[in-house]
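Colleague: Please examine one part of this model closely for me, namely its open and enclosed spaces. I should also be grateful for a few words on selected places at the surface.

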Amino acid sequence: MSASSAFSDEKGGSSGEPEYGHDPASGGIFSTDYKRHDDLKEMLDSNKDSLKLEAMKRIVAMIARGKNASDLFPAVVKNVACKNIEVKKLVYVYLVRYAEEQQELALLSISTFQRGLKDPNQLIRASALRVLSSIRVTIIVPIMMLAIKEAASDMSPYVRKTAAHAIPKLHSLDPDQKDQLIEVIEKLLADKTTLVAGSVVMAFEEVCPDRIDLIHKNYRKLCNLLIDVEEWGQVVIINMLTRYARTQFLNPNINESLLEEGDEKAFYASDEEEDEEKKVEASALAKRKPYVMDPDHRLLLRNTKPLLQSRNAAVVMAVAQLYFHLAPKAEVGVIAKALVRLMRSHSEVQYVVLQNVATMTIKRRGMFEPYLKSFYIRSTDPTQIKILKLEVLTNLANETNISTLLREFQTYIKSMDKDFVAASIQAIGRCATNIGEVRDTCLNGLVQLLSNRDELVVAESVVVIKKLLQMQPEQHSDIIKHMAKLIDNIQVPMARASILWLIGEYCEHVPKIAPDVLRKMAKSFTNEEDIVKLQIINLAAKLYLTNSKQTKLLTQYVLNLAKYDQNYDIRDRARFIRQLIVPTDKSGALNKYAKKLFLALKPAPVLESPFKDRDHFQLGSLSHLLNAKASGYQELPAWPESAPDPSVRNVEIPDWSKCTSRKDRKEKKVEKPFYSDSDGESGPTESADSESDSGSRSESVSGSDESAFGSESEESGEETESDEEEEEEEKMKKKRVEKTKAKKPVVESAESEQSSGAEDQKRGRKTGKDRKSASESESESESSESEEESEDESEEESESDADIRKKKAPAKQPPKQSKKVNKKETQEMSLLDLDDFEPTPASAPVTPVNFLSSSLVSDLEGLSLTDTILAPSTIAQSASMKMCELLHRIRGEGLAVEYCFSRQPFSPDPNMVAVQIQFTNNTSSETKTIHIEEPKLQSGMRIREFSEIELMSAGESVTVVMGIDFCDSTQAANFQLCTHTRKFFVSIQPPVGELMTPVFLTENDFKKEQGKLMGMNEISEKLTLGEKCVNEHVIVERVTATANLSRVPCGSDKECSSPPTPPPSSPVHRFAGKTVSSGCLVLVTVAMKEGRGAQLTVNCEKMVIGTMLVKDILQALTQ
Amino acid sequence: MPAKSFLLLKIFIKTAVSSWLFSPIMIHSLFLINNVGDLFLEKHWKSVISRTVCDYFFEAREKAVEPENVPPVIHTPHHYLINIYREKIFFVSVTQTEVPPLFVIEFLHQVAETFQDYFGECSETTINDNVVIVYELLEEMLDNGFPLTTESNILKELIRPPTTLRSMVNTITGIGNIGQTLPTGQLSSIPWRRAGVKYTNNEAYFDVVEEIDAILDKSGSTVFAEIQGGIDACVKLSGMPDLTLSFMNPRLLDDVSFHPCVRYKRWESERVLSFIPPDGNFQLMSYHVSAQNLVAIPVYVKQNISFFETGPSGRLDITVGPKQTMGKTVECVVVTIHMPKVVLSANLNATQGTYNYDPVTKVLMWDIGKLNPQKLPNLKGSLSLQSGAPKPEENPNLNVDLKIQQLAISGLKVNQLDMYGEKYKPFKGVKYVTKAGKFQVRM
């Protein structure tokens, strides 16, 4: 290490030499350092500026190369007062670099800067402050403090910005000044120019990040200025506001539910008109009953969103992390597109973005699923990018896309980049563990790889196969055998060790091969790597325990070899194991348990993402990237339990008239010299930009504004927008104060009103955004539709492709695989045999295309559309379901059977209702072969039987899932339950509510569909709600419990959430579903009336179902 | 200053040094290192950090083999090194505390871009030749480790870029690069445009450049394709012009990002680009046309590569032809293949263009030029492999580069450009180009 640095130093030095050849005046004069410096000194002392400049340039070049030029300090510092700006600048550069080392001399220059601070030119003032504050000499701290304080109230925003920059400098020089500096920060935070905002927040973050109270008053201003701040400032402000919001607002995802997502949909899709939007938004907020988003929270989300369009990746990332940490779940999705865009940027940017995306995909997979293909890997990507992309792809894998993904992985395995191939194999392994459906396919594919020529590939496959086999070893003894054979060829230690472990662990499955393997390994023991040796010992021990007859001597031999091994670990292990397994009179009680110790059932390893749990670090931070706390990292605070007082953010203005006059005074004082200084200063960014483009609307608003405060605006001429805005705010505030005085309980609504008022001027911006979001959601739904279609298409296409390829494959392979032209072999050539996938898309619940969003809803619900019927997740919900008796314990002679409708989609056949059946064996003996026989069904009804239960020991209970197609009737399905001894006639009769599955509809869709189902298809009933049906929650709960429907999010019932004010219009609850087998829509509307009254309407093409449903729901609601 | 205070000073120094150790500062130092490993420039924005800190970087560099694989963030015991690799130069920045990594990375890229802007290219030679300007730029771009001025329009006013003429004048007159007049732009309401711009010929050019990113599989069907576009502008207009650029079909654009000068709200509400442009060259916007819209693939490639078990040889046969070109000619077609390591040489015959196989990097490059639909270019012949080595299992991928003039493959069309705020009539021009981005064919 040090050698390399020395080398580079040397190189740096030598490369410096010829550089001087460029200077016409320099050639060959400087043979030694001393001379060179003498010469430079001479030049600096001359009274020609050109010579001085030349000398300074050379000195700066020396500094740039890391050479010491400190002995020139006295000569240089004399020139600090030089009239020539260029010389001066270079002297500044030099001073900043060496002042620390030559403090005494540096003091000589201070007076020059002090003079500079008073210069009429703002740039000279700024640069004097910059250099003064950069000179790290403690004795001038008071001078610096004074200078900063003065500059903080300078009329030039540029100087104020420099003052903000100087604050952290002084703070690091002398932390004792903190209190005074905080005062300056507080003052600068109140500054209204965008130029200052970023820098002062930066200073805030460095000096007093915990003084969150300083932000309150400036919060709204910062949010509003944000879009016009320069990019770097935006990043800092957004990061700070993220932390701020975490302490001040409530978690928007407190009551996570499907409804929430629906709400947002409605909210975006609704309309462009601002006022209406407000209402809808408010109602959407109101519906999440206990949680109401603070308008300031909303303001932050709204004002940061456009920044996703920034060209600066750091800004995009900052907004993305803000949304990830602060936004309601349903809104987080907007960041995905922007992050995917960054994937086109430089590879370093990609690297950081992918790391963050990897973390996000674990929490919110759905967000990036539409962009799956953007993460496909190109052979030209750098390896570290490839591996990260692979990570993201693996995280995104699910039942629906796994087949395409595996096909993609298949091409990756052929890559030339071996590290990447290894990672791909691991990725396949992870997909296999996560998605049971493809486990066997993956395993087969991986076994194919075992015959790969590349040892690394084989080794990695072995390791992954080992992990997979551990999950279900019984079925795969042939693979274990196959791997046992491989041990002769594989040399990679990790792979050998894995194989040995497998054989040892499952030696009972391969009783003949295992001892032979041990024999071979005993022979080569001394030449093995340490990890292999350890596994040989393990294998020997396990075999000794299970098959001591054959392996006793071998084990002894191995242990003896190990006893004299060089590695103490191995010697230790051998000693330990000998004591444990070989029974001697001395050996203690443990000997008895040796078998239990060694052959205990070991849990299968969980293959999980290294990015799991990384989201406790703030995304986009260095700490997140390193997965370790970096110094200076500030934890993202947890959400508060209850919101702190929101009123702290109100900018209080005690008296209107007083305030204006004060303002006037200030402006008078400030404005004059402000303009005389330079006319460029006039409109601090915002006015020029936003006023002109916020359209006629905002102009008219501001116009009227101006006329209202005519005198003032005339005087100040070019009033900045932010000022006006503040005045508006103030006005609103005053109104508000009055209002709050009048009626205290309505604070909340008043506030939302107030904020909407205060933002009048921002309307242009906002409407634009809403329109955008509307169009966005539109296009999103469109795209999702088209995507689905195109995916289907592409699947077909690629399937046919695969077919073609397969057809081609046998034709091409013979020359390649000259030795094994086995039919089987050629079929297996294609890794991860595609035949196995073909049923997958079919079995995935392809819902009838009537309601394209239905698949979406199931995604949202996070229903695991599980593959195998027995997967635990389908059974998990049973607790909440009402169990019905199918066979009583007594009638069943000890066998009790209960059933319930699990409301899970039945994946083998989407037209069937899933029925979960629980068998309990209450007898004292075993019950065998439980299955179904002779179903006597009504015409059209179908049953998909559960797979036979082979054995149930006494007291055990087993749960299975079967599917029944009831043909949308409530007729019972009759069949026989058979055990090995008896047959029982049983029947399952479904309540009408179970014959349907939820459908996701928006309110508009709902109304449209309802319009189609009028007349005969509509059944209406008046009812009086039961005593307990006091609020919407109970109603929703009751209805959904009665029938398997999903709630339609709607916006018109907002008022029901604010109990103090009586609801002017009655809320309406809507539910939608469709019948399972024929897919007819079922629409339920519960409209609340005065008092307890309500009107229930059911629209369904199937009138029988409709009438029955009305009856059931009536009963549920009136109880 | 009295002698007494000097004594006091010494005490101060001690306390001060300890507090600097962990100063929270975003970018502490910057080192420039060429791809051979020579450190040729260093700049510190606070106290000097010894260049030995780069040893950790060299270590990582060695481990990574390829320069692209150096991790962008390297964790050392006391510092974090955040680096980028550009134009064969590593920009290694040192920070001590938590900082958004992208913030630093973006800034470093901005530095590299500024160098490119100033010196025409960003290379070790140009940086060494202009070391004083580089130093001044760095000083101006970062203050106390926090970005100060990064807009090139403003920077150019503070520090004049070198031109050949000026450097000559400088040597004669002894007047340097730094402007005598002080800039005002920084303080104007439009931070990206300098004030007082004057041209005799007022012109504004816009290049719509689209790149097709695609992965095609063996059979030629599209695995993934999307279009990345950008509008590069060259605006030389006097005064403060306010421009409005509208499209015939703005709905095509799926995702956009803008230069800060573009008024986001106008875009949201009317789908027009309204902006006061910076002076000179800049990228106005970049956009994305997603994979959901069918992307036209302008060329097809029929390729066959095979290696034989017996005898150290392989065969290669590639044909390139036009597919969906909208009636335009495909130009500058270059096919690049990264061959497996065992391929020693190639003996091929190209019906058009020239091919070149570099046995060191194992890259086969076939420069075709213009694509003639009547006579499709073909490259055919044998590859010789290292004898004794097993035949490669993997098939190489094929990268295609191409260019189509006067066509934006997405169909995007500029409708019109209006100017407000100034009285003269500018000359306006729009050009379309389609290129291959990351266009890859799997074999």
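Modeller: Helices and strands are here taken as DSSP runs, of at least four residues for a helix and at least two for a strand, and they are numbered from the N terminus. The model is a predicted one.

I begin with the surface. In chain A, the loop between α33 (568-581) and α34 (594-598) holds A:Y593. The relative accessibility of A:Y593 is 43%, so this residue counts as partly exposed, a class that lies between the limits of 20% for buried and 50% for exposed. Together with A:L590 and A:L597, A:Y593 forms a nonpolar patch on the surface, and the accessible area of the three together is about 310 Å².

A:E42 belongs to another element, helix α2 (residues 33-45) of chain A. Because its relative accessible area is 59%, A:E42 is exposed, the limit for that class being over 50%. A:E42 and A:K52 are 10 residues apart along the chain, and 9.0 Å separates their C-alpha atoms.

I now turn to the spaces. The second largest pocket holds about 1,800 Å³ of space. Its lining comprises 47 residues, of which A:R311, B:E113, B:D232, B:F282 and B:Q283 are the closest to the centre. Chain A supplies at least two residues of this lining from α20 (334-342). On the side of chain B, the elements that each supply at least two are α3 (101-119), α6 (152-158), β8 (203-216), β9 (222-236), β11 (255-258) and β13 (280-289). With 9 residues, β13(B) gives the most to the lining of this pocket. Sorted by class, the lining of the second largest pocket consists of 21 polar, 15 charged and 11 nonpolar residues.

Enclosed spaces are a separate matter. The model has 17 cavities of 30 Å³ or more. The volume of the second largest cavity is about 140 Å³. This cavity is lined by 14 residues, and those closest to its centre are A:M343, A:S374, A:R378, B:D213 and B:E226. Here the largest share of the lining comes from β9(B), which provides 3 residues. The classes in the lining of the second largest cavity are 7 charged, 4 nonpolar and 3 polar residues.

One element links the two spaces: β9(B) supplies at least two residues of the lining of the second largest pocket and the largest share of the lining of the second largest cavity.

Key:
Residues numbered from 1 in each chain as written. Chains lettered and ligands numbered in written order. Predicted model: local features only at pLDDT ≥ 70, side-chain atom pairs only at ≥ 80, totals over all residues. Heavy atoms only, no water. Patch = residues over 30% accessible without salt bridge, like charges linked within 9 Å, V, L, I, M, F, W, Y side chains within 5 Å. Areas by Shrake-Rupley, 256 points an atom, 1.4 Å probe, with all protein chains shown as cover. Salt bridge = Lys/Arg side-chain N within 4 Å of Asp/Glu carboxyl O. Buried < 20%, exposed > 50% of the residue type's maximum accessible area, 1.4 Å probe, protein only. 1 Å grid on protein atoms, 1.4 Å probe; cavity = no way out; pocket = protein on both sides within 12 Å on 5 of 7 lines; lining within 4 Å. Points joined across faces, edges and corners; volume = space filled by probe spheres on them. Nonpolar A, V, L, I, M, F, W, Y, C, P; charged D, E, K, R; others polar.
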